[in-house]
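Colleague: Please give me a close look at one part of this protein, a single sheet. Then place that part in the whole chain.

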Amino acid sequence: MTAPHGGTFELPGLREPAEIVVDRWGVPHIYARNTYDAFRAQGFNAARDRLFQIDLWHRRGLGQLAEVFGPTYVEQDRATRLFLYRGDMHRHTDVSQDFKYDGSLLEGYRYGIDAASFDYISLTDHQTGYDQEFTWWENQQLVDLFQVPGFFTPLFGSERSLRFPNGHRNTIFAHRGVRPLPIPPDEASAKVGAAKLYQYLKKNNGISMPHSSATDQGTDWRDNDPEVEPIVEIYQGYRNSYEYEGAPKAASALNPHAQKSGWQPQGFWWNALAKGYKLGVQASSDHWSTHISYACLLTDNFTKKHEHEGRDNA
Ligand SMILES: [Zn+2]
């Protein structure tokens, strides 16, 4: 094969002689006697001119930069190797008795797997059925039953529903067997905050997530523990956005009635940021909305434990 500047190369696999002519603008022109040889010569030319670039892109795509550029690229390599998972962390069933036609627990899972093709779902009924042992047990059974390793990961979740200013929170535990923490009267009446909940989460390897934060179910951000409360739900398909006043799908002081379930502007997420809270965000459905709100997670291994860690990175 003829190369520019008169060079000649033996190229294994070439069926007949081919020629590469580089014109005065540096553009290669490839002449071959059959299509196969044209592609072969094109590959040879690309490798000769751009091998460094091809290798660099290849390594960047596979997360192998640190191998040649050293440890300062380890973090970038790690990020490259993460996987993206999609799901819903807050969805009710008829166990909640909200009479919003949420459907059964089984329908919740069939929605997650068949209709939405989620990687994970958390069916978060109020105290997994108002602290009844049977509905809690049923929830736990079904989380294990619908676990499909490598494909679908249900989570051990429930909702603690307190009114403003303590507010609604969902809790998720990394392992089976943790009953929801009952809501004592002094927490329901906001005489005390979330300290006991945070203790309980630490003891049992759980996390919590405020939601509906700028409504009567919301909070003035009196409490946060970054170790067990790393995330907030800023949008619900069933209701509104709680990102900031006047955000898309959120109400403002001019139309407070647009904020479904009450108007509590102190609960907008930006107020939490202003307090210095570091809260990641996610969106979910809550009640019966479909295909309009979900969250994506980046993680390297989707077990329940890793999902917790991934959420810290989300
Ligand atoms: Zn809810």
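Modeller: Here is the sheet, then the nonpolar core, then the overall form. The model is predicted: local features need pLDDT of at least 70, side-chain atom pairs count only at pLDDT 80 or more, and totals for chains, interfaces and linings use all residues. Residue numbers start from 1 along each chain as its sequence is written.

Start with the sheet. It is open, has three strands in the order E6-E7-E8, and pairs them antiparallel. Strands (E, at least two residues) and helices (H or I, at least four) are DSSP runs numbered from the N terminus. Two strands pair if DSSP finds at least two bridges between them. Strand E6 (156-160) and strand E8 (206-210) are the edges; each has a single partner strand, so one side of each lacks a neighbour in the sheet. From one strand to the next, the twist averages 20°. Axes here are lines fitted to C-alpha atoms, for helices over the stretch in contact, with angles from 0 to 180 degrees between N-to-C directions.

Now the E7 and E8 pair. Strand E7 (residues 169-173) joins E8 through five antiparallel bridges. Ile 172 has Ile 207 in E8 as its bridge partner. Helix H8 (residues 195-204) packs on the sheet and touches E7 and E8. The direction of H8 makes about 145° with that of E8. Contact means that two C-beta atoms, placed from the backbone, lie within 7 Å.

Next, the largest nonpolar core, which has 38 residues. Such a core is a set of buried Ala, Val, Leu, Ile, Met, Phe, Trp, Tyr and Cys residues joined through C-beta atoms within 7 Å. Buried means 20 or more other C-beta atoms within 10 Å of the residue's own; exposed means 12 or fewer, partly exposed in between, with C-beta atoms placed from the backbone. Phe 156, Val 232, Ile 234, Tyr 242 and Trp 269 touch the most other members. Elements giving two or more residues include E7, H8, E8 and strand E9 (231-236). E9 gives the largest share, four residues. Leaving out residues up to four places away in sequence, Trp 269 touches Ser 213, Val 232, Ile 234, Tyr 242, Glu 243, Tyr 244, Leu 279 and Val 281.

Last, the whole protein. Ten helices and eleven strands make up its secondary structure. Buried residues are 36% of the 314. The C-alpha trace spans about 90 × 45 × 40 Å along its principal axes.
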